[in-house]
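I opened my notebook to look up two things today. One is the empty space in the protein, and the other is the sheet.

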Amino acid sequence: MTLAIVLFTQDLRLHDNPALHAARAGADQVVPLFVTDPAVDAAGFAAPNRAAFLAGCLADLDAGLRRAGGRLLVREGDTAEQTAKLAAETGAASVHVAAGVSGYARRREQRLRRALGERLRVHDGSVTAVPPGAVLPAGRDHYAVFTPYHRAWQQAARRTPLAPPRALHTPEGLAGAPLPTAKPTARSLPDPGESAARRAWQHWHTEQYADLHDALAADGTSHLSPYLHFGCLSANELVHLAERRGGHGAEAFVRQLVWRDFHHQVLAARPDAAHADYRPRHDRWREDAEEFAAWREGRTGFPIIDAGMRQLAETGWMHNRARLLTASFLSKSLYQDWRPGAAHFLHHLVDGDVANNQLNWQWVAGTGTDTRPNRVLNPLTQADRYDPDGDYVRRWIPELAHLPGRAVHRPWQSTRRPADYPPPLISPDTTGHRLRAARIDQDPLPGV
């Protein structure tokens, strides 16, 4: 009897799971393992909302494994040490794990390799649709601009999605810890786990995505990002499913999955981009604790910004357009360092992912891969364009609910502005001035 261990990390699913598939194909017995590692806390990844969502994902994974005849074994401690200990206890011939791109994932893989040697099997294509490094520009280790990456990605070979295992045999008598539990800070979270993820995909219609994905009030996005972050859904399988549906909406959705892959291949090649500027602009960021607190707490006096920040605090999620606007306001209108803003997002977001969060923040701040690093997203222009009737703002800022239509975006112009809503933190006419003054020798500064 041969035995394999599959170490679950960011691939908490049975469908299209290369590590699980390989373990099942190469052994008579399979031990599914998850290690709750204190290093995750130390690295700042165990934010309350994600910890609570993760607990639900693990419970759903365990239930799915039990239906197939197995179960999830949970161990507590250092991931490499606990995995090697289990391999010694069971005489495992191989240990399978999904490849990651973050610095933390790389260090974990190195420690696993030192502990396990040739028994470790690392599987690409679990976290992204196209693995980092699968497509490369001539003479470089990654693509730094999205458009040529997108063209190359479209030509890349993608594997056929893998079916879930019909049966698993997990040996009895292995000691493990209880499934973890945690409480979120958000008022409500989406239903966790692979089962909920697959229902969410089935019930979401892609037809209008191309037209509505930026419309704040319509909220026509997929809400699948938490499931992608924890690997409850396979990005590879989602691409196949979307292409099968077809249409402009599906094409636009796949493009967003390519954008996700793009950032993962950037971080895989440049791990320090998680905390250092990918393209330094020699910024001398302002430090103003009161302004940062006003941004963080949703009281900047710009309703479209405050609505986004309140949505984040209350739900652990924020509309994609609102993420762009709030990040631009902090990094370009207030001209404050993107890193504290990115850390605040990571503290609250259920889908908080190092590659997506940090590199999107840098893209907005103009220190990442954006080819127009000095563009400023004017909050009023953007509010009129993407929340033209003001419904998104009224949903999240009830003290402004009495202001009709677009008037809600400019409460300072109304004689009915409530006393408990603050005036604009900076003049509405100067939302690009600080960046312009700081990057005076750079390209012209558009406001869009």
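**Entry 1: the pocket**

I looked up the largest pocket, and it holds about 1300 Å³ of space. I note that this is a predicted model.

Next I asked which residues are closest to the centre of the largest pocket. They are Q256, W259, N320, L324 and N360, out of 47 residues that line it.

I then checked the helices. At least two lining residues each come from α6 (146-155), α9 (225-229), α11 (248-269), α14 (320-333), α16 (354-365) and α17 (379-386). Which helix gives the most to this lining? I found α11, with eight residues.

I also sorted the lining of the largest pocket by class. I wrote down 20 nonpolar, 17 polar and 10 charged residues.

**Entry 2: the sheet**

I turned to the strands. Five of them form an open sheet, and the pairing is parallel. I read the order as β3-β2-β1-β4-β5.

Why is one side of β3 and of β5 left without a neighbour in the sheet? Both β3 (73-76) and β5 (120-123) stand at the edges with a single partner strand each, so one side of each stays free of a neighbour in the sheet. From one strand to the next, I noted an average twist of 30°.

I looked up one pair in detail. Strand β2 (residues 29-36) runs parallel to β3, and four bridges join them. L33 stands opposite L73 in β3.

Last, I checked what packs on the sheet. Helix α5 (residues 103-116) does, and it touches β1 (3-7), β4 (94-98) and β5. The direction of α5 makes about 150° with that of β5.

Conventions
Residues are numbered from 1 along each chain as its sequence is written. This is a predicted model: local features need pLDDT of at least 70, side-chain atom pairs count only at pLDDT 80 or more; totals for chains, interfaces and linings use all residues. Side-chain values use heavy atoms; hydrogens and water are left out. On a 1 Å grid over the protein atoms alone, a cavity is a set of points where a 1.4 Å probe fits but cannot get out, and a pocket is an open set with protein on both sides within 12 Å along at least five of seven lines; lining residues have an atom within 4 Å of a point. Grid points are joined across faces, edges and corners, and a volume is the space filled by probe spheres set on the points. Ala, Val, Leu, Ile, Met, Phe, Trp, Tyr, Cys and Pro count as nonpolar, Asp, Glu, Lys and Arg as charged, and the others, Gly among them, as polar. Two strands pair if DSSP finds at least two bridges between them. Axes are lines fitted to C-alpha atoms, for helices over the stretch in contact, and angles run from 0 to 180 degrees between N-to-C directions. Contact means heavy atoms within 4.5 Å.
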